[in-house]
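Work through the exercises below with the sequence and the structure side by side. Try each task before reading its solution.

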Amino acid sequence: MRIPSDSHSHSNFSHDGKERAVTLIERAKSLGLEYYAITEHLDRDYKYCRSERFIPQLRLPAYYRSVEKLREKYAESDTYVAFGVEAGFCPEVVDWYLKMLPRYRFDVIINSIHTMDGGDAYFGKIFAGKTQSEVYNRYLDLLLESVKVPYDYDIVGHIGYVTRYVSFENYTLCQEEYADKIDALLKEIIARDKTIEINTHIRHKEMMFLPERKILERYYELGGRNVTFSSDAHLAESIGHRYEMVRNLAKEIGFTHWTVYKMRKPHKIEIE
Ligand SMILES: [Zn+2]
Ligand SMILES: [Zn+2]
């Protein structure tokens, strides 16, 4: 199946990226993508974490110099190559993003939560001694706060991120207890005309993508129409990962287009 677009990936400018941007772009071109985005980690929130603060931060000026060169190199390409960042939210970083993000002419900005109260959920430690109710309520409160930030962004990253890493028996966010908070979140995203990504970078026994299907269905039911496909690839071979599955899911729910961003403006690509 032809893959039309992929809105989220990382080259070795990101601390956990493995390959050079050109390697990723050449792969996207060979797959025939119409639109492909590199969105490096901008983890300013790591500065407020116990261990993650030692992980090197993205050097924005150096990254942007490379973006300018690559834009020139691929100006005539059939694949539109977009460049942006995935800005990690925590309440302390709002002013810094407000000041720094407008300094660069990016195509797309993803607003993601990885850290909660001083640690990345990826490393699991933040869940120690906490109940599911405590973790999920705190996460959903932060998520709503992140959607309301005053800095400009386009895509809400991997809703449900913490559920990838918890060891609670019933990991799903789609439980009665959280329904009101999920509704409030989705309504806020719709009111602000932001886009939800369907992210397939997940290793889990049951979940193949985020957010969960029921959340996507609820978003559609409430009037949300802006979705985008995101492999969140950290390797060239992962570009377009599980596209067919996500495309079928999106069509079944009723979505007709992917929303992608070029120079911060939304464009629609038909879901074939
Ligand atoms: Zn992320
Ligand atoms: Zn990512």
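**Exercise 1: two helices side by side**

Task: State how H4 and H5 are oriented relative to each other, and explain why.

Solution. The model is a predicted one. H4 and H5 are roughly parallel to each other. To see why, start with the axes: those of helix H4 (residues 132-147) and helix H5 (residues 179-191) cross at roughly 10 degrees and come within 10 Å. Angles under 35 degrees count as roughly parallel, so the crossing angle settles the matter. Next, list the residues that meet: Leu140, Leu143, Leu144 and Val147 from H4, and Lys181, Ile182, Ala184, Leu185, Glu188 and Ile189 from H5. Sorted by class, this contact has eight nonpolar residues, two charged ones and no polar ones.

**Exercise 2: the two sides of a helix**

Task: Find which residues of helix H7 (residues 243-253) are buried, and which are exposed on the other side.

Solution. The buried residues of H7 are Tyr243, Val246, Arg247 and Ala250. They lie on the same side of H7 because they cover an arc of only 100 degrees around the axis. The spacing fits a general rule: an α-helix has 3.6 residues a turn, so residues three or four places apart point the same way. Strands E6 (195-199) and E7 (227-230) are among what covers the buried residues of H7. On the other side of H7, the exposed residues are Glu244, Asn248 and Glu252. Just after H7 comes Gly254, with a positive phi of about 130 degrees.

**Exercise 3: the whole chain**

Task: Give the number of helices and strands in the chain, and the share of residues that count as buried.

Solution. The chain has seven helices and nine strands. Of its 272 residues, 42% count as buried.

Definitions and conventions:
Residues are numbered from 1 along each chain as its sequence is written. Chains are lettered from A and ligands numbered from 1 in the order in which they are written. This is a predicted model: local features need pLDDT of at least 70, side-chain atom pairs count only at pLDDT 80 or more; totals for chains, interfaces and linings use all residues. A residue is buried if 20 or more other C-beta atoms lie within 10 Å of its own, exposed if 12 or fewer, and partly exposed in between; C-beta atoms are placed from the backbone. Helices (H or I, at least four residues) and strands (E, at least two) are DSSP runs, numbered from the N terminus. The arc is that of the directions from the helix axis to the C-beta atoms. Two residues are in contact if their C-beta atoms, placed from the backbone, lie within 7 Å. Axes are lines fitted to C-alpha atoms, for helices over the stretch in contact, and angles run from 0 to 180 degrees between N-to-C directions. Angles under 35 degrees count as roughly parallel, over 145 as roughly antiparallel, 65 to 115 as roughly perpendicular and the rest as oblique. Ala, Val, Leu, Ile, Met, Phe, Trp, Tyr, Cys and Pro count as nonpolar, Asp, Glu, Lys and Arg as charged, and the others, Gly among them, as polar.
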